[in-house]
Amino acid sequence: MATFRKPLLLAGIAAIAFWWWTHGGRTAGSAGTDITGVSPPPFAVVGDSDSHSYQDRVSFPAGSPLRGGAYRDSTLQWTEVLARLRGRELDPGQWGVYGGNGLLARAYELAGGQARAPRKQDYRYNFAVSGAGCESLMGGRIRQVPRLVRLMDQAPHRWREGVVLIRIGVNSFGTADSLDRLARDPADGAVQGVIAGCIRAAKASVETIHRHHPETRIVLVGIFDNSHWTKYQDRWQSPRQLANIRQGLDAFDHALAQMAQPDPRLAFFDDRAWFAGHWGGRDAAGRPAYRSIEFGGLRVENSAGDSPDHATLADGHAGLVWNALWAQSLVDLLNAGFGMGVTPIGQDELLALLPVGPSLPPPPAGQGQDVEASR
C-alpha cells in the first residue's frame, strides 16, 4: 500500500501547484503599469497596511469604504506615490494580481514553485500585507522576506543596485493594549518581549537578504507612535504616560538605528521624528496640540476623514497628503543615506496629486465615519 502513497502525494502536490500557477501565482495579464525603458534599480517593500497599495481591488473591492471611500481613486499609498512620480528611477515591479491561499502557496513551494500569499493586487516587489505582524517577515503563511528573496534570486545583477524597505510593528506592539501597558510601565515585560521579537525578525530579515544579495540597500523604518493616531487622541492625556510610551517604543527604534549606523548598506527612517516635524504633537499637559499643514491651499489637520484635508483616512490609515510627503522624505533619505541620485520630489509634483487642485469637491454622504480596519 505504501508503494502507492508517494505517487499519489506527488500527484496531489502537482495538482495543487498547477491550480496555484493558473489561478493565484501570476500577474493579471496586461492590467496595470509596466515600467519600461532603461532598467532602474528595483525597489521592494515588506510590511503591513502602512505599505499595502490602496488601489488593490482584490483586497479592497470597488465601492468599499476602506482606503479613501468616495475619494478612493485619488487616495494613494506612499508606494503608489513613489511609483507614479519616480517609477522610472525606482522600479516597484509590474502592477498585477499576485499570490493566493497561504496553504496552497506553501504546497506550491514544496513542489518547487515560486509562491506568495495572500492574493492581492499590487506592484510585483511589494510584499506588504494589511494586518501583518513582525512574525510575518520570516515565518507563518505569509513569509514575506524568504519569498521576496526567492524573487530577487531570479535577477541578482539587478538587486546589486536595489533597495528593500522594511516597515512593520504597529500591529504587533502599537495596539491600544500595548500602549496602555507602556503608559503604565515602559519596561512592561509582555510588550518588551514582543518588541524584542520584532527586533529579531528585522535582524533575521536583513541577514537573509544580505546572505543572498550582499550589495542590496535596506531601509529600516521605525515605529509610529499610535498615541498620535486620531482614534486615540483622547487617551493617555498626561505627560508621564506619553513619556513612558515614548520610552517604551525607543527600544525598537534604537535597535534599528544601531543596526543601521555602522553599515553603509542600511539606513534608518525615524517615523516618529518625521510625524513630529510635520504635525507636531501634544502640549505640556498631554492634550492634543497638533498644527495644520498648508498644502496647496489646503489646511491639512491631524484629523480623520477621506478628503485630502485630513491627515488620516476614515479607516485609520495615512491619507493622501501624509503619504505624498512621506514618499518625498523617503527619496531624500535614499539620496542622503545611499547616494542614489534619485530626482528629489518637488512640491508642485505633490500638489498635482490632489483630486481637484486646492479646491476640494463637496464631501460625500457619510464622510468622516470611523471605519474599523486592521492596520
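**Figure 1. Salt bridges in this predicted model: the count comes to 17.** The next few views zoom in on some of them. Let's start with a pair that reaches across the chain: Arg67 forms a salt bridge with Asp315, and their closest N and O atoms are 2.9 Å apart. Arg67 sits in the loop between β1 and α2, while Asp315 sits in the loop between β9 (310-312) and α11 (320-338), so this pair ties together parts that are 248 residues apart in sequence. Are the two partners buried or exposed? Arg67 is buried, with a relative accessible area of 1%, and Asp315 is buried as well, at 2%.

**Figure 2. Arg67 again, this time for its backbone.** Take another look at Arg67, in the loop that runs between β1 (43-47) and α2 (78-86). Most residues other than glycine have a negative phi. Arg67 has a positive one, near 55°. With 1% relative accessibility, this residue counts as buried.

**Figure 3. Trp236, another residue with a positive phi.** Which loop holds Trp236? Look between β5 (217-221) and α9 (239-260), and you'll find Trp236 there. Phi of Trp236 is near 55°, and this is a residue other than glycine. Trp236 counts as buried, with 5% relative accessibility.

**Figure 4. Salt bridges of Asp188 and Asp263.** In one part of this view, Asp188 pairs up with Arg181 in a salt bridge, with 3.5 Å between the closest N and O atoms. Asp188 counts as buried at 13% relative accessibility, whereas Arg181 is partly exposed, with a relative accessible area of 31%. In the other part, Asp263 forms a salt bridge with Arg265, and here the closest N and O atoms are 2.9 Å apart. Asp263 is buried, with a relative accessible area of 16%, and Arg265 counts as partly exposed at 29%.

**Figure 5. A salt-bridge network of Arg86, Glu89 and Glu349.** Here, one arginine and two glutamates come together: Arg86, Glu89 and Glu349 are linked through salt bridges.

**Figure 6. The disulfide of Cys134 and Cys198.** How many disulfides does a search of the whole structure find? There is 1. Cys134 is joined to Cys198, with the two S atoms 2.1 Å apart. Cys134 lies in the loop between β3 (120-123) and α4 (144-152) and Cys198 in helix α8 (residues 189-212), so the link ties together parts that are 64 residues apart in sequence. The link is right-handed, with 95° about the S-S bond. Both Cys134 and Cys198 are buried.

**Figure 7. Inside the largest nonpolar core.** In soluble globular proteins, nonpolar side chains tend to be buried together. The largest nonpolar core here has 48 residues, and which of them touch the most other members? The answer is Val164, Ile166, Phe173, Ile218 and Phe252. Pick out Ile218 and skip its neighbours within four places in sequence: its contacts include Val164, Ile166, Val206 and Ile209. Also in contact with Ile218 are His210, Arg265, Leu266, Ala267 and Phe338. You've already met Arg265, as the salt-bridge partner of Asp263.

**Figure 8. Another nonpolar core.** Apart from the core in the previous view lies another, of 46 residues. Val45, Leu76, Ile345 and Leu353 are among its members.

Note on methods. Residues are numbered from 1 along each chain as its sequence is written. This is a predicted model: local features need pLDDT of at least 70, side-chain atom pairs count only at pLDDT 80 or more; totals for chains, interfaces and linings use all residues. Side-chain values use heavy atoms; hydrogens and water are left out. A disulfide is a pair of cysteine sulfur atoms within 2.5 Å. Helices (H or I, at least four residues) and strands (E, at least two) are DSSP runs, numbered from the N terminus. Buried means under 20% relative accessible area, exposed over 50%, partly exposed in between (1.4 Å probe, protein chains only). A nonpolar core is a set of buried Ala, Val, Leu, Ile, Met, Phe, Trp, Tyr and Cys residues joined through side-chain atoms within 4.5 Å. Contact means heavy atoms within 4.5 Å. A salt bridge is a side-chain nitrogen of Lys or Arg within 4 Å of a carboxyl oxygen of Asp or Glu.
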